[in-house]
Amino acid sequence: MVSQIILCLRATSPLRPSSLHTRAFSTTLSRKEINKILPSASAALENMKGNTTLLAGGFGLCGVPDTLINTVHANPHIKGLTAVSNNAGLVGSGLGLLLESKQISKMIASYVGENKLFEQQYLKGEIEMELTPQGTLAERCRAGGAGIPAFYTPAAFGTVVQTGELPLRHNADGSVQSYSQPRDVKVFNGKSYIMEEAIRGDYAFVKAWKADRLGNCMFRYAAANFNGAMGRNAKETIVEAEHIVEPGDIDPAAVHLPGIYVKKVIQSTAEKKIEKYNFSPDEGAGADTGALGKGETAGKRERIVRRAAKEFKNGMYANLGIGMPMLAPSFVDPSVSVTLQSENGILGLGPYPKKGQEDPDLINAGKETVTLLPGASCFGSDESFGMIRSGRIDLTILGAMQVSAKGDLANWMLPGKIKGFGGAMDLVSNPQETKVVVTMEHVDKKGRPKILNQCAFPLTGRACVSRIITDLCVFDVDFTSGLTLIELTEGVTVDEIRSKTEAAFQVADTVAPML
C-alpha cells in the first residue's frame with residue numbers, strides 16, 4: 001500500500017491529487033485510526049486480573065479515579081491487589097472501598113492517617129503496609145516509568161526507613177511479624193543518600209480533566225498530583241476523563257500525559273468530592289484564626305504563628321506544614337512578598353476561598369480548599385518534590401512532636417497510631433539549602449517537655465531543624481553545639497524555660513522579647 005501511495009504521488013500533480021490517490025490515502029488512514037475510547041469502565045476492566053500491582057492517582061479526594069475504583073469494588077474476584085497511592089482514601093470512598101472489601105492485600109503509601117479502618121487492619125495484621133516518604137513515592141513511580149531501576153535520595157537518611165525498622169506486617173496480637181529492608185547508603189559530595197528501588201505497575205488508574213481518543217491527557221490544577229507519574233509507569237494505563245475531546249482540541253503544549261503511555265480511555269462518571277472545606281473570613285474580618293482553637297490554647301498558638309510570620313523574607317519560596325504553619329501567612333507584613341509552594345503540586349498558593357468559590361481541583365497539602373495567586377503554576381508531585389529536594393525552597397515551617405538538642409525532628413508517629421510520613425522527610429532533607437523552622441507548644445498535654453536531649457519518637461530527619469518557635473520562647477539550633485535561647489515571651493523567665501526543657505541550652509548575650 002505504501003508503494004501504491006508513492007506511485008500515486010509521483011504520477012499526479014501536487015495541486016490536483018487523483019481520485020485514486022485520495023481513496024488510497026483515506027483508506028489507509030481509516031484502517032490505522034487509533035481510538036482508545038471504550039464505552040464504560042466495566043468494558044475497560046473486563047480482563048483485569050487480581051494479585052497484581054495497581055497504581056492509583058490522586059491526593060486526598062482530589063484527582064482520584066473513582067469511576068475505575070468503584071468498578072473494581074463491584075468485581076470482588078479482583079483481589080490480592082498491591083495498591084500504590086499517596087494515601088488510602090477515606091472509609092467509603094476511593095481506595096477505602098477496596099480496603100473495606102479486602103481486595104487489597106498490600107498498600108504502598110506515604111500517608112494513611114485519615115483512614116481509621118486501614119489503621120485497624122494494619123495493626124491487626126490483616127494487611128501489609130509499606131510506608132514511603134511522599135517525594136520518594138513520587139520518584140519511585142516516575143523512575144519506574146522512565147526505565148530507571150533505582151536511585152539515591154537524601155530523604156529518610158537516619159530514620160527507620162534507612163535502617164529497616166519499619167513494620168511491614170503485624171500479627172493478630174499487634175506484635176510485628178516482618179520489617180522493611182535496610183537501605184543501601186552512599187555518600188556523594190560529602191552528603192549521605194539512601195537507595196530506593198523503582199515501582200512498576202501492572203495497571204495504572206488515572207484521572208484526567210480532558211483526554212482524546214489518542215490517549216493524550218490534560219490535568220487540571222492540583223488534580224495532576226500523582227496521576228502523571230503513575231500514568232507513565234504501568235503495563236496498562238487506563239484513564240477516566242471528565243471531558244473526552246477530539247484530537248487537536250488539547251493544545252499540544254498542554255498535553256500533560258502523552259497518549260503513548262495510555263491504553264484505554266473512559267468517561268468519568270463519579271462525583272468530584274472535597275475532603276476539607278476551609279474558607280477565608282468576610283471582608284474586613286481580619287485573619288482567619290479558627291484553626292488555632294479556643295481560649296488559652298488559641299492564645300498560645302496565635303503567639304507562635306505571629307512569631308513564625310517574621311521568618312518570611314521578601315522574595316522567598318516557602319513551604320508550610322499542616323496546622324499552625326498554614327496560618328502564618330495571615331500575619332505577614334504586607335510589604336513582604338513570599339511565594340508559597342504546596343507539595344501536592346502548586347507554586348503560588350493563594351488564601352482560602354470565599355464560601356461558594358471552592359474548587360475540588362484546588363487543595364493544599366492538608367487537603368483544604370485554596371485559591372491560586374496570579375502567576376501561579378501547577379505540576380505533578382514528582383516535579384514538586386524535585387524542587388524540594390534540590391533546595392529551591394528557601395524556608396519550610398513544620399509542626400513537631402519532639403525536637404532534640406541537635407536539631408533532630410520527630411513529627412510523623414505517636415506510639416500505637418499510624419499517620420505516615422507525608423512530605424516531611426523530603427522537606428527536611430536539605431537543611432543546607434532550606435531553612436527548617438519548627439512551630440509547637442513548649443510542652444505536651446501532660447506538661448512534659450517536647451525539646452529533648454534525644455527524640456523518643458521515630459525520627460523524620462536528623463540534624464535538620466535550625467530554629468524552634470514555641471509559645472514560651474525561640475531557640476536557634478546549631479547541629480554541633482546545640483541550642484541557644486534568643487527570645488522570650490513577656491513574663492517568662494530563663495528559669496521557667498529550663499524547668500520545661502529537657503535539653504541543655506545556652507543563653508544569648510542579648511535575649512530579645514518574642515513579639
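In strand E12, the bridge partner of Lys210 is His243. This pairing belongs to a predicted model, and it is one place to start reading the strands. Strand E10, residues 201-212, and strand E12, residues 234-245, run parallel and are joined by 10 bridges. E12 also pairs with strand E13, which covers residues 264-267; these two run parallel as well, with four bridges between them. There Glu240 stands opposite Ile266 in E13.

Earlier in the numbering is an open sheet of three strands, in the order E5-E9-E8, with antiparallel pairing. Its edge strands are E5 (150-153) and E8 (185-188), each of which pairs on one side only. On average, neighbouring strands of this sheet are turned by 40° against each other, direction ignored. Between E8 and strand E9, residues 191-197, the antiparallel pairing extends over four bridges. Phe188 has Lys191 in E9 as its bridge partner.

A helix lies against this sheet. H7 packs on the sheet and touches E5 and E9, and the direction of H7 makes about 155° with that of E5. With angles over 145 degrees counted as roughly antiparallel, H7 is therefore roughly antiparallel to E5.

Phe188 also takes part in a ring contact. Five aromatic pairs are found in a search of the whole structure. Among them is the pair of Tyr152 and Phe188, which is edge-to-face, with 5.5 Å centre to centre and 65° between the planes. The pair links distant parts of the chain, as Tyr152 is in strand E5 and Phe188 is in strand E8, 36 residues apart. Both of these strands are edge strands of the sheet.

The next contact is between two helices. Helix H7 spans residues 134-145 and helix H11 spans residues 381-389; their axes come within 9 Å and cross at roughly 125°. Because of that angle, H7 is oblique to H11. The crossing of the two helices is left-handed. On the H7 side, the residues that meet H11 are Gln134, Gly135, Thr136, Ala138, Glu139 and Arg142, and on the H11 side they are Ser381, Asp382, Phe385 and Arg389. By type, the residues of this contact divide into two nonpolar, four polar and four charged. H7 thus has contacts in two directions of this account: with H11 through the residues just named, and with strands E5 and E9 of the sheet.

The last part is another open sheet, later in the numbering. Three strands form this sheet in the order E20-E19-E22, and the pairing is mixed. The edge strands, E20 (409-410) and E22 (451-452), each pair on one side only. Strand E19, residues 402-404, runs parallel to E22, and two bridges join them. Ser404 stands opposite Leu452 in E22.

Key
Residues numbered from 1 in each chain as written. Predicted model: local features only at pLDDT ≥ 70, side-chain atom pairs only at ≥ 80, totals over all residues. Heavy atoms only, no water. Axes fitted to C-alpha atoms, helices over the stretch in contact; angles between N-to-C directions. Parallel < 35°, antiparallel > 145°, perpendicular 65-115°, else oblique. Left-handed = near helix turned anticlockwise from the far one by under 90°. Contact = heavy atoms within 4.5 Å. Nonpolar A, V, L, I, M, F, W, Y, C, P; charged D, E, K, R; others polar. Pairing = 2+ DSSP bridges. Phe/Tyr/Trp six-rings, centres within 6.5 Å; stacked < 30°, edge-to-face > 60°.
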